[in-house]
Amino acid sequence: MSALKPHSSTIIPETPPVSIPASISQDAASPQTAAPPPPPPRAEKPRPKIRATKAALTITPSAVSRLRSLLSGPTPQLIRIGVRNKGCAGLSYHLDYVDKPGKFDEVVSQDGVRVLIDSKALFSIIGSEMDWKEDQLSSKFVFKNPNIKDACGCGESFTVGS
């Protein structure tokens, strides 16, 4: 008879189950990363100042000399250029003496002379040339305006195209 040897078995000690915290994903394939830190606060950039590349109005040398003589009086004032509804074509130029610029007036400085353009008239005047003309019958400021689409026969009033 054969002798049977008792079979030896290895006993593995029991280990307690591992608990996984709830914040970690149960899926082993998903990456375990921490949330990125919040972005640092951005410093506010100063707003760029918009400057016109070309003056709203150019003034001829004869108009500059006439403006200097007008403004060199005992009470120096500024001249504001505006437009009014007048004449057979619709608009006419209007010049006023003022002490200081209005809130929305455009200031044009050229050759040491400052002229104001009324904010309501800026669209009608922009790109114009201001000149001083004298002849035997009259002396006046004359405007060469590229925005004029129609003018009356006498030249006192004009219409601006849209």
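Which residue forms a salt bridge with Asp131? In this predicted model, the partner is Lys133, and the closest N and O atoms of the two lie 3.3 Å apart. The two residues sit in differing surroundings: Asp131 is buried, because its relative accessibility of 7% falls under the 20% cut-off. Lys133, with a relative accessible area of 42%, is partly exposed.

That pair has company, as the structure holds three salt bridges. Let's turn next to Lys144 and Glu129, whose side chains meet in a salt bridge with an N to O distance of 3.5 Å. Here the contact links distant parts of the chain, with Lys144 in strand β7 (residues 139-144) and Glu129 in strand β6 (residues 128-134), 15 residues apart. Lys144 has 47% relative accessibility and counts as partly exposed. Glu129 is partly exposed too, with a relative accessible area of 26%; that value puts Glu129 in this class because the class lies between 20% and 50%.

Now follow the chain back to Arg80, which forms a salt bridge with Asp105. Their closest N and O atoms are 2.7 Å apart. This pair also links distant parts of the chain: Arg80 belongs to strand β2 (residues 78-86), while Asp105 lies in the loop between β3 (90-98) and β4 (106-110), 25 residues apart. Although Asp105 is in a loop, this residue is buried, since its relative accessible area is 14% and the cut-off is 20%.

With the model in view, you can visit each pair in turn: Asp131 with Lys133, Lys144 with Glu129, and Arg80 with Asp105.

Methods
Residues numbered from 1 in each chain as written. Predicted model: local features only at pLDDT ≥ 70, side-chain atom pairs only at ≥ 80, totals over all residues. Heavy atoms only, no water. Salt bridge = Lys/Arg side-chain N within 4 Å of Asp/Glu carboxyl O. Helix = DSSP H or I, 4+ residues; strand = E, 2+ residues; numbered from the N terminus. Buried < 20%, exposed > 50% of the residue type's maximum accessible area, 1.4 Å probe, protein only.
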